[in-house]
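Work through the following exercises with the sequence and the coordinates at hand. Each task is followed by a solution in steps.

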Amino acid sequence: MKTAKTWPLLLLALAAGVQAQDSSDRNDGSWHASLGMNAGVAPRYLGSDDYRFVIGPEFSITNGTFFLDKRGLGAQYQSDAGFSAAAAISADPGRTENDRFFEVGSKKLKGMGKIKSSALANFSVNQEITPELGVGGDVNLPVAGQKHRGMDYTLGVNSTLPVSESDRLMLGANAHGGSSDYNRTYFGVSPEQSVRSGYRQHQTKAGIYGYSATAGWEHQLDENWTTGANVGVMHLTGKAGDSPIVKKKTSATGMATVRYNF
């Protein structure tokens, strides 16, 4: 399972927040590792109508219990009945007022102020309904960084479908929500921000701020090399979708991956 809200823009379309674990996660107690690269396009921020090219490492180190990967640094448990749970320390990059290559943000947010990066405690659970279908969710709790960031969470369903001996298809659908602090931080406009930015004041409330759907394909080239592609669509709704900083309620993200498994 992975979180959908850690590094939210880069990883949003890679998988659902309750996605089944990667096939490289084995529970034989020995350590396994993989290293690769992701490249694709994503909105400049949640609600942006501009896109940016994103590129970054794809890595995983795990012995089945402890892991370091795109979810963060943590530990996981999986029962024979198909229930799994994980806890990890991860990060939220925040948001800037600039169009810098490696930053989430846009010049269109000038005057809104910077949202600082935050360290997060992530907790996730997933229940396998069938070998191909699972349901679950995760929550991110801030432990350091942006003041009054608030918590965010994801609830959803995921499916992994074998297509052939070397190919599989991953599908997911999620609801994304936040506390009043989280939704205010990412979608609200305070009186002070309104004066500085020119955007009208906007109040938000706790609850669901968006829905997403994802689809991914993975192909095993040989014993070591794996390639894949992922696409996703995110739709902002409610008070979040009505925010003046939201230029486009519905956006898409695409990513390609190549990975070497040790």
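Accessible areas here come from the Shrake-Rupley method with a 1.4 Å probe, and for residues only the protein chains shown count as cover. The model is predicted: local features need pLDDT of at least 70 and side-chain atom pairs count only at pLDDT 80 or more, while totals for chains, interfaces and linings use all residues. Residues are numbered from 1 along each chain as its sequence is written, and side-chain values use heavy atoms, with hydrogens and water left out.

**Exercise 1. The chain as a whole**

Task: state the secondary structure content, the buried share, the surface and the share of long-range contacts of the chain.

Solution.
Step 1. Helices (H or I, at least four residues) and strands (E, at least two) are DSSP runs, numbered from the N terminus. The chain has four helices and 12 strands.
Step 2. Buried means under 20% relative accessible area, exposed over 50%, and partly exposed in between (1.4 Å probe, protein chains only). Of the 262 residues, 50% are buried.
Step 3. The accessible surface is about 12,100 Å², and carbon and sulfur atoms hold 62% of that.
Step 4. Contact means heavy atoms within 4.5 Å. Among contacts with a separation of 6 or more, 60% are between residues 24 or more positions apart.

**Exercise 2. The sheet**

Task: determine how the strands are arranged, then follow the pairing from E4 to E7.

Solution.
Step 1. Two strands pair if DSSP finds at least two bridges between them. The 12 strands form a closed barrel in the order E1-E2-E3-E4-E5-E6-E7-E8-E9-E10-E11-E12, with antiparallel pairing. Neighbouring strands of this sheet are turned by 20 degrees against each other on average, direction ignored. Axes for such angles are lines fitted to C-alpha atoms, for helices over the stretch in contact, and angles run from 0 to 180 degrees between N-to-C directions.
Step 2. E4 (residues 72–78) is antiparallel to E5, with six bridges; Leu73 has Ile89 of E5 as its bridge partner.
Step 3. E5 (residues 83–92) is antiparallel to E6, with 10 bridges; here Ala87 is bridged to Phe123.
Step 4. E6 and E7 (residues 133–144) run antiparallel and share 11 bridges, and a hairpin of two residues connects them. Phe123 has Val139 of E7 as its bridge partner.

**Exercise 3. Helix H2**

Task: find which residues of H2 are buried, how they are distributed around the axis, and what they pack against.

Solution.
Step 1. H2 covers residues 180–187, and its buried residues are Tyr182, Asn183, Thr185, Tyr186 and Phe187.
Step 2. Down the axis of H2 these buried residues fall within an arc of 160 degrees, so they line one face of the helix. The arc is that of the directions from the helix axis to the C-beta atoms.
Step 3. The buried residues pack against E5, E8 (152–162), E9 (167–178), E10 (207–220), E11 (225–236) and helix H4 (238–241).
Step 4. H2 lies across E5, E8, E9, E10 and E11, and runs at about 80 degrees to E10.

**Exercise 4. Two buried side chains with polar partners**

Task: describe the surroundings of Ser118 and of Thr226.

Solution.
Step 1. Ser118 belongs to E6 (residues 118–130) and counts as buried, at 4% relative accessibility.
Step 2. A polar contact is a pair of N or O atoms within 3.5 Å; within protein, one must be able to donate a hydrogen and the other to accept it, and residues adjacent in sequence count only if both atoms are side-chain atoms. A polar side-chain atom of Ser118 is 3.1 Å from the backbone nitrogen of Gln146.
Step 3. Beyond four places in sequence, Ser118 is in contact with Ser90, Ala91, Asp92, Ala144, Gly145, Gln146 and Arg149.
Step 4. Thr226 is in E11 and is buried at 2% relative accessibility. The side chains of Thr226 and Asn261 make a polar contact of 3.1 Å.
Step 5. With residues up to four places away not counted, Thr226 touches several others, including Glu218, His219, Thr257 and Arg259.

**Exercise 5. Exposed or buried?**

Task: classify Ala81 and Ser60 as buried or exposed, and give a C-alpha distance for each.

Solution.
Step 1. Ala81 is in the loop between E4 and E5 and is exposed, with a relative accessible area of 62%.
Step 2. Ala81 is in contact with Gln127 and Glu128, its neighbours within four places in sequence left aside. From Ala81 to Gln127 the C-alpha distance is 8.4 Å, at 46 residues apart in sequence.
Step 3. Ser60 is in E2 (residues 51–62) and counts as buried, at 9% relative accessibility. The C-alpha atoms of Ser60 and His32 are 7.9 Å apart, while the two residues are 28 apart in sequence.
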